[in-house]
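Please open the structure in your viewer and keep the sequence beside it. Each stop on this tour names a selection to make and then says what is found there.

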Amino acid sequence: MSISPKMEAAINKQINAEFYSAYLYLAMSCQADALRLKGVANWFNVQYQEEVAHATGFLNYLQDRGGRVVLEAIEAPQTEWPNAVAMFQHTCEHEAHVTSLINDLAALALEEKDFAASQFLNWYVNEQVEEESTADQILGDMTLAQNDGGAMLTLDRELAARTFVAPVIG
Ligand code: FEO
């Protein structure tokens, strides 16, 4: 069964939202680099790559279902944050927003009786739990380290160890 026009439009919208997330985290990576926080910059660069993978996952799925991919303009992200705490605060807020977008998609899939899409979306539902929890944990650590140069340096080195592993989506 090919995908409904409603579901097709919603997935296209989510492709754009995932690319916006990628753009936002790439901007944060650049800002962290400017603040000489190389580990934070690395962490956000990996996050950027993950978001591209999320977008591509939706794109491939839409094609598999016989849908038409329509790429829209990506909104320009914020480009400056005063410090790493502000970046992780923004990350937490942004991921909570993405969770609500994924939940809306999952609700639409059920409304449309599209059980295949519903199953596919479960991967993203679970991924959002991970995304929110990781961002929240780093924000907590960052807040503790904020006024302690040594602690910040240690945390920055920890974040430097993150590497991109292409997720298996679906
Ligand atoms: Fe694509 Fe950060 O969720």
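Begin by selecting Q14, which is found in helix α1 (helices are DSSP runs of H or I of at least four residues, numbered from the N terminus). Q14 counts as buried because its relative accessibility is 4%, where buried means under 20% relative accessible area, exposed over 50% and partly exposed in between, with a 1.4 Å probe and protein chains only. Leaving aside neighbours within four places in sequence, Q14 is in contact with F58, V98, L101, I102 and L105, contact meaning heavy atoms within 4.5 Å.

Before going on, note that this is a predicted model, in which local features need pLDDT of at least 70 and side-chain atom pairs count only at pLDDT 80 or more, while totals for chains, interfaces and linings use all residues. Residues are numbered from 1 along each chain as its sequence is written, and side-chain values use heavy atoms, with hydrogens and water left out.

Stay in helix α1 and select N12, which is buried, with a relative accessible area of 11%. A polar atom of the N12 side chain lies 3.0 Å from the backbone oxygen of R68; a polar contact is a pair of N or O atoms within 3.5 Å, and within protein one must be able to donate a hydrogen and the other to accept it, while residues adjacent in sequence count only if both atoms are side-chain atoms. Not counting neighbours within four places in sequence, N12 is in contact with L62, R68, V69 and V70.

Next, select F58, which is found in helix α2 and is buried, with a relative accessible area of 0%. Beyond residues up to four places away in sequence, F58 touches I11, Q14, I15, E18, I102, L105, F120, L121 and Y124. If I169 is added to the selection, the C-alpha atoms of F58 and I169 are separated by 8.9 Å, although the two residues are 111 residues apart along the chain.

Which kind of aromatic pair do F58 and F120 form? The pair is edge-to-face, with 5.9 Å centre to centre and 80° between the planes; rings of Phe, Tyr and Trp (its six-membered ring) pair if their centres lie within 6.5 Å, and planes under 30 degrees apart count as stacked, over 60 as edge-to-face and the rest as tilted. F58 lies in helix α2 and F120 in helix α4, so the pair ties together parts that are 62 residues apart in sequence. F120 is buried as well, with a relative accessible area of 9%. Widen the selection to F58, Y61, F120, W123 and Y124, which ring pairs link into a cluster; a search of the whole structure finds nine aromatic pairs.

Now turn to the largest nonpolar core, where, of its 26 residues, M28, V40, F44, W81, F88, M142 and L159 touch the most other members. A nonpolar core is a set of buried Ala, Val, Leu, Ile, Met, Phe, Trp, Tyr and Cys residues joined through side-chain atoms within 4.5 Å. Helices α1 (5–34), α2, α3, α4 and α5 each supply at least two residues of this core. A second, separate core of 20 residues includes I3, M7, V98 and W123.

Follow the chain to helix α5 (residues 149–159), whose buried residues are M152, L155, D156 and L159. Why do these residues line one face of the helix? Seen down the axis of α5, the buried residues fall within an arc of 105°, so they line one face, the arc being that of the directions from the helix axis to the C-beta atoms. They pack against α2 (38–64), α3 (84–111) and α4 (115–145), while the face turned away from the buried side carries the exposed residues R157 and E158. At the N-terminal end, D148 caps α5, with a side-chain oxygen 3.1 Å from the backbone nitrogen of G150.

Finish in two loops. Select R36 in the loop between α1 and α2: R36 has a positive phi of about 65° although it is not a glycine, and it is exposed, with a relative accessible area of 72%. Then select K113 in the loop between α3 and α4, where phi is near 55°, a positive value in a residue other than glycine; K113 is exposed, with a relative accessible area of 60%. Most residues other than glycine have a negative phi.
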